[in-house]
Amino acid sequence: MKSSNRLPDLSRRAFARTNEQTIAQRINILRELGPHVCSIAEICCGDCLRQHKAYKQMLEVQIYRGLDLEPAIVASNHANGIECYVGDALDEKTMRKFAQDDVIFFGPPLSDDCDGHRLIGFDAVVPSFPAFAHLLLGTLHYDGLLICVCPNSTDMG
């Protein structure tokens with residue numbers, strides 16, 4: 001599937017953003033699994049201002065950057081001082097930029113029609129978790145901490 005087919009309909013909903021409770025959970029996970037994290041990449045980042053601020057303040061992360069398909073989302077992040085790129089999470093050349101980061105959060109938009117209020121199955125997530133994991137771990141040999149954000153209706157199992 002080409003990335004242009006996965007762009008959100010911006011007239012239907014606001015940009016996706018991670019809620020404060022989820023960010024607090026992520027910080028606890030990082031304190032436990034990666035207490036000396038210096039760099040974090042957020043793939044399919046949406047509006048990532050909240051986590052950018054939290055990771056810098058609470059974990060003293062030096063480098064935080066995002067990737068999203070939607071140019072308007074990337075522009076909004078840039079306006080907030082966040083290093084962010086337009087690109088496809090399943091593009092090898094694009095993902096090479098992030099392969100050295102200590103932690104990668106992969107939180108795809110959870111389907112073309114996802115509005116954050118409907119549950120969807122694991123196999124309906126776009127871009128797919130298996131394809132992303134194969135690219136990152138198999139092709140790019142990433143050896144940092146990969147944290148996948150799954151839909152509420154399922155788990156990675």
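This dialogue reads backbone angles and aromatic contacts in the structure above.

Biologist: What kind of model is this, and which pLDDT is needed for local features?

Modeller: The model is predicted, with local features needing pLDDT of at least 70 and side-chain atom pairs counting only at pLDDT 80 or more, whereas totals for chains, interfaces and linings use all residues. Residues are numbered from 1 along each chain as its sequence is written, and side-chain values use heavy atoms, leaving out hydrogens and water.

Biologist: Which value does phi take at cysteine 44, and where does cysteine 44 lie?

Modeller: Most residues other than glycine have a negative phi. Cysteine 44, although not a glycine, has a positive phi of about 65°, and it lies in the loop between strand E1 (39–43) and helix H2 (49–58), where helices (H or I) are DSSP runs of at least four residues and strands (E) of at least two, numbered from the N terminus.

Biologist: Is cysteine 44 buried or exposed?

Modeller: Buried means under 20% relative accessible area, exposed over 50%, and partly exposed in between, with a 1.4 Å probe and protein chains only. Cysteine 44 is buried at 18%.

Biologist: How many aromatic pairs does a search of the whole structure find?

Modeller: Rings of Phe, Tyr and Trp (its six-membered ring) pair if their centres lie within 6.5 Å, and planes under 30 degrees apart count as stacked, over 60 as edge-to-face and the rest as tilted. The search finds 5 pairs; among them, tyrosine 55 and tyrosine 64 have ring centres 5.7 Å apart and planes at 50°, so this pair is tilted.
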